[in-house]
Amino acid sequence: MITIFHNPRCTKSREGLQILEKSGKDFEVVKYLEESISEAQLKKIIALLGIQPIDLVRKNEAIWKSDFKGKELNDKDVISAMIKNPKLIERPIVINNNKAVIGRPPSLILDII
């Protein structure tokens, strides 16, 4: 099953959703700002993406700039920040079995579906 972690207010996320809709494949939408992501889920996503936790952070968000920017943070701190402030999570994230991609640009989604 394909899963998209989606923020309806984000243009790139909406474009990613359209790609999945046009693909004709079954998929699940997780509105991660409404349905909280667990620490285990977030760690799994990061592992599937093959990135460091800091690479999943939206560093231009006001909450990042005000509360976290310039501080010494380890991976656990960064993950905790994203759990408490899901707005910090880059989007959209699409997972298909054991492959995952951040849909920036949304066309990257085509590589895993």
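How many nonpolar, polar and charged residues are there in the lining of the largest pocket? In this predicted model, that lining has five nonpolar, three polar and one charged residues.

**The largest pocket**

The volume of the largest pocket is about 170 Å³, and the residues that line the pocket are Thr-3, Phe-5, Val-30, Gln-41, Lys-44, Ile-45, Leu-48, Ile-95 and Asn-97. Two elements, strand 1 (2-5) and helix 2 (39-49), each give two or more residues to this lining, and the largest share, four residues, comes from helix 2.

**Two helices with buried faces**

Helix 2 has a buried group made up of Leu-42, Ile-45, Ile-46 and Leu-49. When one looks down the axis of helix 2, these buried residues fall within an arc of 95°, so they line one face of the helix. The other side of helix 2 carries Ala-40, Lys-44 and Ala-47, which are exposed. Two of the pocket-lining residues can thus be placed on the helix: Ile-45 is among the buried residues, whereas Lys-44 is among the exposed ones.

Helix 1 can be read in a similar way. This helix, residues 11-23, has 13 residues and reaches 19 Å from its first C-alpha to its last, which is close to the 18 Å expected at 1.5 Å a residue. Its buried residues are Ser-13, Gly-16, Leu-17, Ile-19 and Leu-20, and because they cover an arc of only 155° around the axis, they lie on the same side of helix 1.

**The hairpin of strand 3 and strand 4**

Strand 3 (residues 93-96) pairs with strand 4 (residues 99-102) in the antiparallel sense, and four bridges join the two. Within this pairing, Ile-95, which also lines the largest pocket, stands opposite Ala-100 in strand 4. Another residue of strand 3 is Ile-93, which counts as buried at 1% relative accessibility. The C-alpha atoms of Ile-93 and Phe-5 are separated by 5.1 Å, although these residues are 88 residues apart along the chain.

The hairpin has two residues between its strands, and Asn-97 lies in this loop. Is Asn-97 buried or exposed? Its relative accessibility is 56%, and it therefore counts as exposed, the cut-off being over 50%. Asn-97 also has a phi near 55°, a positive value in a residue other than glycine. Most residues other than glycine have a negative phi, and most peptide bonds are trans.

**Cis peptide bonds**

The exceptions to the trans form that can be described here each involve a proline, as the table shows.

| Residues joined by a cis peptide bond | Omega | Place of the proline |
|---|---|---|
| Arg-91 and Pro-92 | about -10° | Pro-92: loop between helix 4 (75-84) and strand 3 |
| Arg-104 and Pro-105 | about 0° | Pro-105: segment after strand 4 |

**A loop residue at the surface**

Ser-36 is found in the loop between strand 2 (27-30) and helix 2, and with a relative accessible area of 69% this residue is exposed. The C-alpha atoms of Ser-36 and Lys-25 are separated by 25 Å, while the two residues are 11 residues apart along the chain. Set beside this, Ile-93 and Phe-5 offer a useful reminder that separation along the chain and separation in space have to be read as two quantities, with 88 residues in the one sense and 5.1 Å in the other.

How values were computed: Residues numbered from 1 in each chain as written. Predicted model: local features only at pLDDT ≥ 70, side-chain atom pairs only at ≥ 80, totals over all residues. Heavy atoms only, no water. Pairing = 2+ DSSP bridges. 1 Å grid on protein atoms, 1.4 Å probe; cavity = no way out; pocket = protein on both sides within 12 Å on 5 of 7 lines; lining within 4 Å. Points joined across faces, edges and corners; volume = space filled by probe spheres on them. Nonpolar A, V, L, I, M, F, W, Y, C, P; charged D, E, K, R; others polar. Expected span 1.5 Å × (residues − 1). Buried < 20%, exposed > 50% of the residue type's maximum accessible area, 1.4 Å probe, protein only. Arc of directions from axis to C-beta.
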